Amino acid sequence: MSTAGMRRGGTALVVLGLLGLIALYWMAFFWVSTEVNQGVVQRIFYVHVPAAWTSFLAIGFAALASGMYLWLRDDRLDRAALCAIEGGLVFATLVLTTGPLWGKIAWGTYWTWEPRLTLTLLLWFIFVGYFMVRNSTEDPEKGKRFAAVVAIVGAMDIPFIHLSVIWFRSLHPEPVVAKPDGPTLPGDMLATLLFGVLVFSLLFFGLFLFRYAVEGLRAEADLRARSVA
Amino acid sequence: MNTYLTQMWAIIWKDLILEIRSRERIAAMGAFAVLAGVLFNFSIDTTTTRPQDVAAGLIWMTLVFGGLLGVGRTFHLESQDGALQGVLMSPAPKDAVFLAKTAANFALLYAVSLLVLGVFGLFFGVGPGQNLGWVVLVLGVGSLGFVALGTLFAAVSTGTSMGETLLPVLVFPLLVPMVIYGAGATTWLMNGRPFVEVEGNVRMLGAFALAAVAAGAVLFRYVVED
């Protein structure tokens, strides 16, 4: 796909995602039924959980692109990883903002060392480490390789972190969708949640494509500046 | 296979000889461990907190911080006078270099972790008692996972302009499983619980260490290539 085509595609997906976001807010506020035990505050769930899924999608995607980059050395793969990590950082920040807001009312405290919240916090730090490594090398090629290693090891470590923090303590509501005996969520709640996941994925890929096109243009501009100099 | 081991051994031997002669890292780590024990003693009010409740956690934190101090400098001396290029240009494959560096670091950190165990036993009067063998095993498995990640990211941070200050940012989030399983198992063992109760933890610690060693052996070549 051409850079311009990617930018157009990205814009289209972002616009679609934003329209979807409006619909999601409408569903979350007016359409879906109120949860019995937690009341109105549970509605933040429809933003919190899709954002969390998207940030984990981002690290997986980035690790895959990073691995391919180390193998094939195509700069486009490195740019894909960078843009996925950026998107992941945004969505992980969203999770870490909505989580404590929800937690303050549902559990009476902003922060608990609840496994999935802890995992997201650590994921956030892995994302930050990716940028710190990338930006602190004089040779950009070296920065790309180092950052790729951080993304791969980070993604590999996530199952271990996940298991260990679960072992450490669990206060969080039990998983309600991805369970062996099918989802236990009532129909309208499940629909809203799945719609949220769709919207956030659209937004992520839209932003991703857009950023990817910009990074492509930057690389082109760098190349042109170097050939002039 | 035999050449591989010979090459590894040559690098391990070189690193250990260097350490025995200069005593640079082992002295810094050892002094850190003892002094951390002293500071912990003053930071905890032993009339309200029982030392045996927190000792295992303090031991593991001392291990992490002290380990970072030494492991972070794995490539420091060699990168200073360009000797690292020599090691990398030797016929030894890059993963052999990584495994050898990890093994040498492991010897260093394991020695320090046993020192930490002794120091805490001396200062706080807490010890593993009859579980001594198991605690020594847990510390060994944990140290292995730590040095594998530490050595890989020491190579990364040595190549950046931030140097060792970057290391904790990269390594601490990844070390969470090691600290949780390691400190958890150590606490139980030091409180006299039988090994079978923490066997699952130690298995996970072992899986973590193996994954870290394997990831490092594969990825190290991309970090040091030029």
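## A buried alanine in chain B

With 23 C-beta neighbours inside 10 Å, B:Ala100 counts as buried, because the cut-off for burial is 20 or more. This is a predicted model, so please read every value here as computed from predicted coordinates. B:Ala100 belongs to helix α6 of chain B.

Which residues does B:Ala100 contact, once neighbours within four places in sequence are left aside? They are B:Met8, B:Ile11 and B:Ile12. B:Leu137, by comparison, is 37 residues from B:Ala100 in sequence, and their C-alpha atoms are 21 Å apart in space.

## The nonpolar core

The largest nonpolar core has 139 residues. Helix α6 of chain B, residues 94-124, gives the most to this core, with 16 residues. The residues with the most contacts inside the core are A:Ala62, A:Ala81, A:Ala84, A:Ile85, A:Val149 and A:Ala151.

One of these, A:Val149, is worth a look in your viewer. Not counting residues up to four places away in sequence, A:Val149 touches B:Val156, B:Leu219, B:Tyr222 and B:Val223.

## Where the chains meet

On the wider scale, 27 residues of chain A are in contact with 21 residues of chain B. Helices α4 (115-135) and α5 (140-168) of chain A each supply at least two residues of the side of chain A that touches chain B. The largest share of that side, 17 residues, comes from α5(A). Sorted by class, the side of chain A that touches chain B has 18 nonpolar, five polar and four charged residues.

A:Met132 gives a close-up from helix α4 of chain A. Is A:Met132 buried or exposed? A:Met132 has 20 C-beta neighbours inside 10 Å, so it counts as buried. Across to chain B, A:Met132 touches B:Leu166 and B:Val169, with residues up to four places away in sequence not counted. Within its own chain, A:Met132 is 11 residues from A:Gly143, and the two C-alpha atoms are separated by 9.5 Å.

## Two kinked helices in chain B

Helix α8 of chain B runs over residues 166-190. At 1.5 Å a residue, its 25 residues should span 36 Å, and the end C-alpha atoms are 34 Å apart, which agrees. There is nevertheless a kink of about 45 degrees at B:Leu175, shortly before the proline B:Pro177. α8(B) is mostly covered, with 19 of its 25 residues buried. Just after this helix, B:Gly192 takes a positive phi of about 80 degrees.

Helix α9 of chain B, residues 199-224, has 26 residues. Its first and last C-alpha atoms are 37 Å apart, close to the 38 Å expected at 1.5 Å a residue. Where is the kink in α9(B) centred? It is centred on B:Val218 and amounts to about 40 degrees.

## Helix α1 of chain A, and confidence

In chain A, the 29 residues of α1(A) should span 42 Å at 1.5 Å a residue; the end C-alpha atoms are 40 Å apart, which agrees. The buried positions in α1(A) include A:Gly10, A:Leu13, A:Gly17, A:Leu24, A:Met27 and A:Ala28. The buried residues of α1(A) pack against α2 and α6 (187-228) of chain A.

How confident is the predictor here? Chain A averages a pLDDT of 87, and 93% of the residues score at least 70. Confidence in chain A is lowest in helix α1, residues 3-31, at a mean of 88. The highest is in helix α2, residues 45-72, at 92.

Definitions and conventions: Residues numbered from 1 in each chain as written. Chains lettered and ligands numbered in written order. Predicted model: local features only at pLDDT ≥ 70, side-chain atom pairs only at ≥ 80, totals over all residues. Contact = placed C-beta atoms within 7 Å. Helix = DSSP H or I, 4+ residues; strand = E, 2+ residues; numbered from the N terminus. Nonpolar A, V, L, I, M, F, W, Y, C, P; charged D, E, K, R; others polar. pLDDT = per-residue confidence, 0-100. Core = buried A, V, L, I, M, F, W, Y, C linked by C-beta atoms within 7 Å. Buried ≥ 20, exposed ≤ 12 C-beta atoms within 10 Å, placed from the backbone. Expected span 1.5 Å × (residues − 1). Bend = angle between axes of the 7 residues up to and from the residue.
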